Amino acid sequence: MDTPATPSCVRLPRLGEPAPDFAAVTTHGALHLSDFLGAWLVLFSHPADFTPVCTTEFMAFAGIHGQLRAMNCELLGLSIDSVFAHIAWVRNIEEKTGVRIEFPVIADLDRAVATAYGMVMPGESATEASRCVFVIDPKGVLRAMIYYPLTTGRNTGEIVRLVQSLQTVDAHQVATPANWRPGDKVIAPPPRTQEDAAARMADGSPECLDWYFCTKDL
């Protein structure tokens, strides 16, 4: 009896490491990851064109596209569909809803990009990409990943907030608390020595809950 073939191991991307490179056909022509160096990039996948949840998501992503660009952040979609299906679908969205999709969409028929980024979850579907989001910084480093099930549309406002947080962290060397929004207090880096911890508490700052937990305005 034949032994089933063992699938080759694929090393999934990791935070803080260079994002997997790619060369891809898109609705805006051929694109490479290197084309986005110098800008932030939100790369997201969807299961399939001409499906209702994905249609609502594309309309929502179109709604934040201008806001992201104002933050020096580009948007790039992907599914395991042909470029012709993508073109037909984005034209259909504009025709039926008036929403114009102006960001490129990767046609990943050979699953090269989906495989490199671990977008296919066989437990859900062996033929479709899950709803994944990857935030890549201007140096090409993967900074955040979010995975959603096929049945749940994404909150694009949270994706904007995530990029805003990462940009604030980089610019000011701080951290951001739960539910942080631009203009809220940020978390100051904690002391790294006992002496510094004691000095911080001696200051008696009302913004310090304890030596390890202090907030501040930017």
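Here is a short conversation about helix 2 and the strands 8, 9 and 10 in a predicted model.

User: Happy to start with helix 2. What makes residues 83–97 count as a helix of the expected span?

Analyst: Good place to begin! Helix 2 has 15 residues and reaches 21 Å from its first C-alpha to its last. The expected span is 1.5 Å times one less than the number of residues, and for helix 2 that expectation is 21 Å, so the reach is close to it.

User: Why are some residues of helix 2 said to line one face?

Analyst: The buried residues are V83, H86, W89, V90 and I93; buried means under 20% relative accessible area. Seen down the helix axis, these buried residues fall within an arc of 125°, so they line one face. Their cover includes strand 1, helix 1, strand 4 and strand 5.

User: And which residues does the face turned away from the buried side carry?

Analyst: That face carries the exposed residues F84, R91, E95 and K96, where exposed means over 50% relative accessible area. Just after the helix, G98 takes a positive phi of about 80°.

User: How do you know that strand 8 is paired with strand 10?

Analyst: Pairing needs at least two bridges. Strand 8 (residues 186–187) and strand 10 (residues 213–216) are joined by 2 bridges, so they count as paired, and they run antiparallel. V186 stands opposite K216 there.

User: What makes strand 9 a partner of strand 10 too?

Analyst: The reasoning is alike: 2 bridges link them in the antiparallel sense, and at least two are required. C208 has C214 as its bridge partner, and a hairpin joins strand 9 to strand 10 through 2 residues.

Key. Residues are numbered from 1 along each chain as its sequence is written. This is a predicted model: local features need pLDDT of at least 70, side-chain atom pairs count only at pLDDT 80 or more; totals for chains, interfaces and linings use all residues. Side-chain values use heavy atoms; hydrogens and water are left out. Helices (H or I, at least four residues) and strands (E, at least two) are DSSP runs, numbered from the N terminus. Buried means under 20% relative accessible area, exposed over 50%, partly exposed in between (1.4 Å probe, protein chains only). The arc is that of the directions from the helix axis to the C-beta atoms. Contact means heavy atoms within 4.5 Å.
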